[in-house]
Amino acid sequence: MTIDVLDPTHGEEHPELQPVDRLTSLDGLTVGIVSNGKQGTRPFFDAFERELRDTYGVAEVVRRTKTNYSAPADPEIMDEATEWSALVSGIGD
């Protein structure tokens, strides 16, 4: 019996991307939230944004929505994300 293993990763390679050190605090930082735009994301991210500000001292929360919920984030969003200290991406139905 032969077992075929499929690689589910995206086809493009990005060798220039490297992991960064884990943040020790979010106090005073900018956090981006990228939503897929489905109905269930808005109330969740509203509550999440309040928690980031009230509990973790985040100075700014930038919220963006992808133009296509099933595709990777738009290049403009990814370019803007380089200015954020952290990014959270989420889905909702």
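Where do R53 and E49 lie, and how many residues apart are they? Both are in helix 1, four residues apart, which is about one turn of the helix. Keep that pair in mind. One caution before going on: this is a predicted model.

Let's start with the charges. Side chains of opposite charge can pair when their charged atoms come close. A search of the whole structure finds four salt bridges. Take R53 and E49 again. They form one of these bridges, with the closest N and O atoms 3.1 Å apart. How accessible are the two partners? R53 is partly exposed, at 34% relative accessible area. E49 has a relative accessibility of 16%, so it counts as buried, the limit being under 20%.

E49 has another partner. Its side chain also meets that of R63 in a salt bridge, 3.0 Å from N to O. E49 sits in helix 1 and R63 in strand 2, so this pair ties together parts 14 residues apart in sequence.

Now follow R63. Its side chain meets D46 in a salt bridge as well, at 2.8 Å, N to O. This one links distant parts of the chain: R63 in strand 2, residues 60-65, and D46 in helix 1, with their positions 17 residues apart. R63 is partly exposed at 29% relative accessible area. D46 is partly exposed too, at 28%. Put the pieces together, and D46, E49, R53 and R63 are linked in a network of salt bridges.

Next, the nonpolar interior. Which residues make the largest nonpolar core? There are six: V31, I33, F45, L52, V58 and V61. Strand 1 and helix 1, residues 41-56, are the elements that give two or more residues to this core. Look at V61 in particular. Leaving aside neighbours within four places in sequence, V61 is in contact with V31, I33, E49, L52 and R53. V31, I33 and L52 belong to the core with V61. E49 and R53 belong to the salt-bridge network. Apart from this core lies another, of five residues, among them V34, V62, I77 and A81.

On to the rings. The whole structure has three aromatic pairs. One of them is F44 with F48, and it is stacked: 6.1 Å centre to centre, with 5° between the planes. Both residues lie in helix 1, four residues apart, about one turn of the helix. F44 counts as exposed, at 51% relative accessibility. F48 counts as partly exposed, at 23%.

F48 pairs with F45 too. That pair is tilted: 6.4 Å centre to centre, 55° between the planes. The two are three residues apart in helix 1, so about one helical turn separates them. Is F45 buried or exposed? It is buried, with a relative accessible area of 2%. F45 is also one of the residues of the largest core. Ring pairs join F44, F45 and F48 into a cluster.

Last stop, the surface. M1, I3 and V5 make a nonpolar patch of about 480 Å². M1 is found in the segment before strand 1, which spans 30-35. M1 is exposed, with a relative accessible area of 98%.

To recap, helix 1 holds R53 and E49, as well as F44 and F48. Helix 1 also gives two or more residues to the largest core. And R63, in strand 2, bridges to D46 in that helix.

Note on methods
Residues are numbered from 1 along each chain as its sequence is written. This is a predicted model: local features need pLDDT of at least 70, side-chain atom pairs count only at pLDDT 80 or more; totals for chains, interfaces and linings use all residues. Side-chain values use heavy atoms; hydrogens and water are left out. Patches are made of residues with over 30% relative accessible area and no salt bridge: like charges are joined within 9 Å, nonpolar side chains (Val, Leu, Ile, Met, Phe, Trp, Tyr) within 5 Å. Accessible areas come from the Shrake-Rupley method with a 1.4 Å probe; for residues, only the protein chains shown count as cover. Buried means under 20% relative accessible area, exposed over 50%, partly exposed in between (1.4 Å probe, protein chains only). A nonpolar core is a set of buried Ala, Val, Leu, Ile, Met, Phe, Trp, Tyr and Cys residues joined through side-chain atoms within 4.5 Å. Contact means heavy atoms within 4.5 Å. Rings of Phe, Tyr and Trp (its six-membered ring) pair if their centres lie within 6.5 Å; planes under 30 degrees apart count as stacked, over 60 as edge-to-face and the rest as tilted.
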